[in-house]
Amino acid sequence: MADQKASTSIEAVESGLAAQGYIASRQIATAVYLSQQIEKPILVEGPAGVGKTELAKAIAAWRGMKMIRLQCYEGLDEAKALYEWKYAKQLLYTQILKDKLGEVLGGAQTLHAALGQLHDFGDVFFSKEFVEPRPLLQALEQPGGCVLLVDEIDKSDAEFESLLLEILSDFQITIPELGTVSAITPPTVILTSNSERDLGDALKRRCLHLHIGFPEQRLEERIVESRVPGISQMLRRQMVGFIHELRTLDLKKLPSVSETIDWARVLVLLQAGELDTEIVKDTLNVLLKYEADIEAAQPHVSTFIARAARHNVFG
Amino acid sequence: MRENLHRFFRAARGAGVRVSPAESIDAMRAVAKVGFGDRGILRDTLLLTLAKTQDEKLALADTFELFFSPPEPKQEQLEADDGRDPQDADRGAEPDAANDSGGSQSAEGLGPLAQMLLSQDRNAIAAAIAGAANAASLSDIRYSTQRGIFSSRILDAMGLQRLRDDLDDLTATNPSLAERLRAALDGLREAVRDTVNQGLALYAREEAENLRNEILRNAPLARIEPRQVEQMRALIRQIARRLRERYSKPRKRQRRGHLDVRRTLRRNAAWGSVPFLTAWKRKHRDRPKIVALCDVSGSVAKVSDFFLLLIHSLHEVVDDVRSFAFSSHLIEVSAILESKSPEAAMAEIMSKVGFGSSDYGSSLDDFEHEFMSTLTPQTTVIVLGDARSNNLDPRADILRRISERSKRLVWLNPEGRMTWGFGDSEMPRYATFCSVVRQCATAQQLERAVSDIVATYQ
């Protein structure tokens, strides 16, 4: 019974994401389903442009939740990710309240009495009003839950990972002066990484590890179909076939899904009916981002087109 | 089924996927949610929760296939069954009622195992084998030499003794049934053997790999066999990863809590020095700068090869590496190493400078003339070589100047200390100008040497 429900729920995830224009493979859908069920973040790895960030956006749109994005970079620290004291405001208030303080403390005869009175006011300057919430704290404070996207975690420093551990496993943040802030509704957390450096085991352990590679030909055709509706079926097949051939070359940066979609748009704009050597050579710069790659690909263009066309006939 | 999952986790560890207790709990929870109904989903679920890298995913997928492959005993029995079917049909033609009743009569006196075998209940047999394998703790199997003992343990646990007694009795009373039982027993032995083999493939891999790596780590690099080179490279990459994890820390870190008073006051001069903006002290930390001079003549070449591989896979820790190779003269090889695969790079380097007789004097001379400016007070210079200069002028004076210009000069010598200074070895003369001289013949020594060098920058 439970099995039946699981597979239908996974299909529901698939169709829900598809409605937002994100064609998910079975593995991706399973990961999204599981992350909801056992409340664990998903760590998405894979080459640039295969739709890691898009996944988070699609989930947010599908479930009608706000998306909070934290872009990581070298030097990102807790003041920019978690929270910050509004130091200037604190200082400004003390300056303004100077006179007031004088009045309050005026009645006290001794230093001890003054100190006692001061204690009675409590930590006025270290209260919620003076906390500037940054993305991570914001995510916990959303009453309806949200999708928290921690983008390109591999670009941040190793220390920053440790900072994330508390929020990832318990969905809470400890602010020394205020205490622990727990999530009102646990957010759906997506972390993305381009594997520029190895992430720590502690971080990986707390996440579901999802690797998104280049999609299979069929899946990629469906992705193009949903993203670029104006393209004819034949051209779609040919171009996806061509890109799959291109990925077999030893290139510096292989064209990924986002490039496929861009190229499809370009081809539609140029009103190409089918692939020919001329148009491919003219638009190769959409697919390949390095001069050396373009030069390496040039000689293969006509063979790849022929092969892609043959696939089209038989496949 | 929980028992099965636990065994799967052990198998996963055997395949080199690190599964911690916390991860296994997560996996259990996830599996509880998705159930066992769909093989594909179960596989994806386990991959998602247990594997942490793409390599681990591949290894785990293999393990999954092996572990949850349809149990082999079933197939064995199926084939055996097919073989026997015609016989059964033959017997059916004969007056089978008597035979059958005779069979059941004698079966009544038999032990449970004999009855199970005779009744051809494949599922029951498979379950019994699995149960007995558990009882014999098959998951503790480590070496291929243990196969025999585990097979006999499993068979014992299934009640082989009783079966033998039954067989003896039957031979006297009902020979045809005894014949059938004997054939079934052979089938059972085969099934158990397959189970043990599968167990070995699943659980013993880690142990075998650990043992092999341990041996490899302590094997002299120069005398490594061609078939081990690939394994050695993998091991070096592992070492590089470990060093990277240990030493890749950010270069500057703010020391929170140490106010930089001077900068704070200066910055807030506009507000009458009320410190609206604070400035904090920073601590700068240098990333290692390494200049490596590698002898690529003869016996030292292999060690240089692995050393260069290690240094260049440390690019996250070591900011700036320049490598030079020499035998009779010296060239820079950084570009070759960075643009090519290790094999191709080494081949190209060898074709350019390798295989000559080494001349340390002229190589050092080349370095001084062309590349002396690469040395800064932050640079660690590593020379890897046996210091055997074929009785040519060692030019130790150049080494002195190199040492003076750099932070440290480390000499790694693949030869043992015993031989330094004998024959044409100039090691004692060079050693005077080196901060550290150490022997470096095995992967383990290589790791220690590089680790020490990187650690001085922390």
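Visitor: Before we look around, what does it take for two strands to pair here?

Guide: Glad you asked, since the sheets come up often. Two strands pair if DSSP finds this many bridges between them: at least two.

Visitor: With that in hand, how many bridges join β1(A) and β8(A)?

Guide: This is a predicted model, so everything here is read from predicted coordinates. In it, β1(A) and β8(A) run in the parallel sense. Leu43(A) stands opposite Leu191(A) of β8(A). The number of bridges between β1(A) and β8(A) is four.

Visitor: What is the strand order of the open sheet in chain A that holds β8?

Guide: Five strands make up this open sheet, and the pairing is parallel. β2 (66-71) and β9 (208-211) of chain A have a single partner strand each, so one side of each is left without a neighbour in the sheet. Neighbouring strands are turned by 20° against each other on average, direction ignored. The order is β2-β5-β8-β1-β9.

Visitor: Which residue of β9(A) stands opposite Ile42(A)?

Guide: Strand β1 (residues 42-45) of chain A pairs with β9(A) in the parallel sense over four bridges. Opposite Ile42(A), in β9(A), stands Leu208(A).

Visitor: And which residue of β8(A) is opposite Val147(A)?

Guide: Here we move to β5(A), which runs parallel to β8(A) and is joined to it by four bridges. The residue of β8(A) opposite Val147(A) is Thr188(A).

Visitor: Is β8(A) largely enclosed or largely open?

Guide: Let's take the strand face by face. Thr188(A), Ile190(A) and Thr192(A) point one way, Val189(A), Leu191(A) and Ser193(A) point the other way, and all are buried. With six of its six residues buried, β8(A) is therefore, with respect to the rest of the structure, largely enclosed.

Visitor: Which strands of chain A does helix α3 lie across?

Guide: Another helix is worth a look beforehand: α2 (residues 26-37) of chain A packs on the sheet, touching β1, β8 (188-193) and β9 of chain A, and its direction makes about 160° with that of β9(A). Helix α3 (residues 52-62) of chain A runs at about 170° to β5(A). The strands that α3 of chain A lies across are β1, β2, β5 (146-151) and β8.

Visitor: Turning to where the chains meet, which element gives the largest share of the side of chain B that touches chain A?

Guide: In this interface, 31 residues of chain B are in contact with 26 residues of chain A. On the chain B side, α2 (21-34), α3 (39-50), α4 (54-67) and α13 each supply at least two residues. That side divides into ten nonpolar, eight polar and 13 charged residues. The largest share, seven residues, comes from α2(B).

Visitor: How many nonpolar residues are in the contact of α13(B) with α15(B)?

Guide: The axes of helix α13 (residues 226-247) and helix α15 (residues 300-312) of chain B come within 9 Å and cross at roughly 35°, and the crossing is right-handed. Met232(B), Arg233(B), Ile236(B), Ile239(B) and Ala240(B) of α13(B) meet Phe306(B), Leu309(B) and Leu310(B) of α15(B). One residue of this contact is charged and none is polar, while the nonpolar count is seven.

Visitor: Ser313(B) sits in the loop between α15 and β4 of chain B; is Ser313(B) exposed, partly exposed or buried?

Guide: Leaving aside neighbours within four places in sequence, Ser313(B) is in contact with Arg237(B) and Ala240(B). Its C-alpha atom is separated by 8.8 Å from that of Arg244(B), 69 residues away along the chain. A residue is buried if 20 or more other C-beta atoms lie within 10 Å of its own. Ser313(B) has 19 such neighbours, so it counts as partly exposed.

Visitor: Which strands are at the edges of the six-stranded sheet in chain B?

Guide: This open sheet has mixed pairing and the order β5-β4-β3-β6-β7-β8. Within it, β3 (residues 289-295) and β4 (residues 320-326) of chain B pair in the parallel sense over seven bridges, with Lys289(B) opposite Asp320(B). Helix α18 (residues 360-371) of chain B lies across β3, β4 and β5 of chain B, at about 40° to β5(B). Pairing on one side only, the edge strands of chain B are β5 (330-332) and β8 (436-439).

Terms used:
Residues numbered from 1 in each chain as written. Chains lettered and ligands numbered in written order. Predicted model: local features only at pLDDT ≥ 70, side-chain atom pairs only at ≥ 80, totals over all residues. Contact = placed C-beta atoms within 7 Å. Axes fitted to C-alpha atoms, helices over the stretch in contact; angles between N-to-C directions. Left-handed = near helix turned anticlockwise from the far one by under 90°. Nonpolar A, V, L, I, M, F, W, Y, C, P; charged D, E, K, R; others polar. Buried ≥ 20, exposed ≤ 12 C-beta atoms within 10 Å, placed from the backbone.
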